[in-house]
Amino acid sequence: MNRLDAVLWDVDGVLAETERDGHRVAFNLAFEAAGLPWRWDERRYRELLGVSGGRERLLADMATRADAPATARDRVGLARLLHASKNGFYAQRIALGAVALRGGVLDLMADCRSGGVRMGIASTTSRANAEALLRHHLGTAWQRLFAVIVCGEDVRRKKPDPEVYLQALRQLGAGPLRVVAIEDAPAGVAAARAAGVPVLVTRSACVPAVDAGDAIAIGPGLHDRRGWRPALPWDGRSPLRVCLDDVEGWYDGVENGAARA
Ligand code: XBP
């Protein structure tokens, strides 16, 4: 089996359930701290996740509220304030240990390192938020683990625009590369696909279902070999998690003409 050249990780929803355990709670704390009666319950937040970017999400919500500032300029100012406050609460939650990495993530990262497969971050979250999560879980030298790190500030257009992936590919180097993205949400899958990057989908708690036809494989998470399409073998004894060999098997299956998930 040929090795992959790189694995590109999305952050929110893939590395951790950040939307459920971090961002939504932090947005509500920011509303409260600003003396606003606004609160996003899980149902509303799920709708709003169709908008990439925390500030953009705040503006999308304000566009539906009678009690939001009247002018666009004031709304932009308020969104900036609330977003900065939200990011502060988000970092606090991470420091408190409220946002765990998803199962199987560290193992697949270890496979990549021992297998000589480069890794990258391809996220349109703010750099400070990616940094808070990764530093907490991977240590102060976390950046050294990644050959490329592309975040929200690095792109003009967020997912589903392919810019984040196109930048990551450019930084990985020239030539046709064997790269797989790991995503959880339709916008991320669309971004990777539009950049020509095959995608593995690990479903997450808050986002709507991804169209399986867009993925080389789709499943419940890297912690569990069961429930994936295409299916993975499991003998009941060997480790239950998804390994780098599995990811490469899915990649080669599609390259060799097998149907997608
Ligand atoms: C996820 C996002 C982000 C987060 C909030 O991007 O859309 O907006 O919900 O983060 P990705 P910010 O899936 O590419 O990681 O507040 O930093 O925007």
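Two exercises on a predicted model follow, one on a helix pair and one on a sheet.

**Exercise 1.** Describe how helix α1 packs against helix α4, and state which residues make the contact.

*Solution.*
Step 1. Two packed helices are described by the angle between their axes and the distance between the axes.
Step 2. For α1 (residues 18-33) and α4 (residues 72-95), the axes come within 8 Å and cross at roughly 130°.
Step 3. An angle over 145 degrees would count as roughly antiparallel, and 65 to 115 as roughly perpendicular. The α1/α4 angle therefore makes α1 oblique to α4.
Step 4. The crossing of α1 past α4 is right-handed.
Step 5. On the α1 side, the contact residues are T18, D21, G22, H23, V25, A26, F27, L29, A30, F31 and A33. On the α4 side, they are L82, S85, K86, F89, Y90 and R93.
Step 6. Sorted by class, this contact of α1 with α4 comprises ten nonpolar, four polar and three charged residues.

**Exercise 2.** Give the strand order of the six-stranded open sheet, then locate its edges and the helix α7 that packs on the sheet.

*Solution.*
Step 1. The order is β3-β2-β1-β4-β5-β6, and the pairing is parallel.
Step 2. β3 (148-150) and β6 (217-219) are the edge strands, since each pairs on one side only.
Step 3. From one strand to the next, the twist averages 15°.
Step 4. Within the sheet, β1 (residues 6-9) pairs with β4 (residues 179-183) in the parallel sense, over four bridges. L8 has A181 of β4 as its bridge partner.
Step 5. Helix α7 (residues 163-172) packs on the sheet and touches β1, β2 (118-122), β3 and β4. The direction of α7 makes about 160° with that of β3.

Notes: Residues are numbered from 1 along each chain as its sequence is written. This is a predicted model: local features need pLDDT of at least 70, side-chain atom pairs count only at pLDDT 80 or more; totals for chains, interfaces and linings use all residues. Side-chain values use heavy atoms; hydrogens and water are left out. Axes are lines fitted to C-alpha atoms, for helices over the stretch in contact, and angles run from 0 to 180 degrees between N-to-C directions. Helices (H or I, at least four residues) and strands (E, at least two) are DSSP runs, numbered from the N terminus. Angles under 35 degrees count as roughly parallel, over 145 as roughly antiparallel, 65 to 115 as roughly perpendicular and the rest as oblique. A crossing is left-handed if the near helix is turned anticlockwise from the far one by less than a right angle, and right-handed if clockwise. Contact means heavy atoms within 4.5 Å. Ala, Val, Leu, Ile, Met, Phe, Trp, Tyr, Cys and Pro count as nonpolar, Asp, Glu, Lys and Arg as charged, and the others, Gly among them, as polar. Two strands pair if DSSP finds at least two bridges between them.
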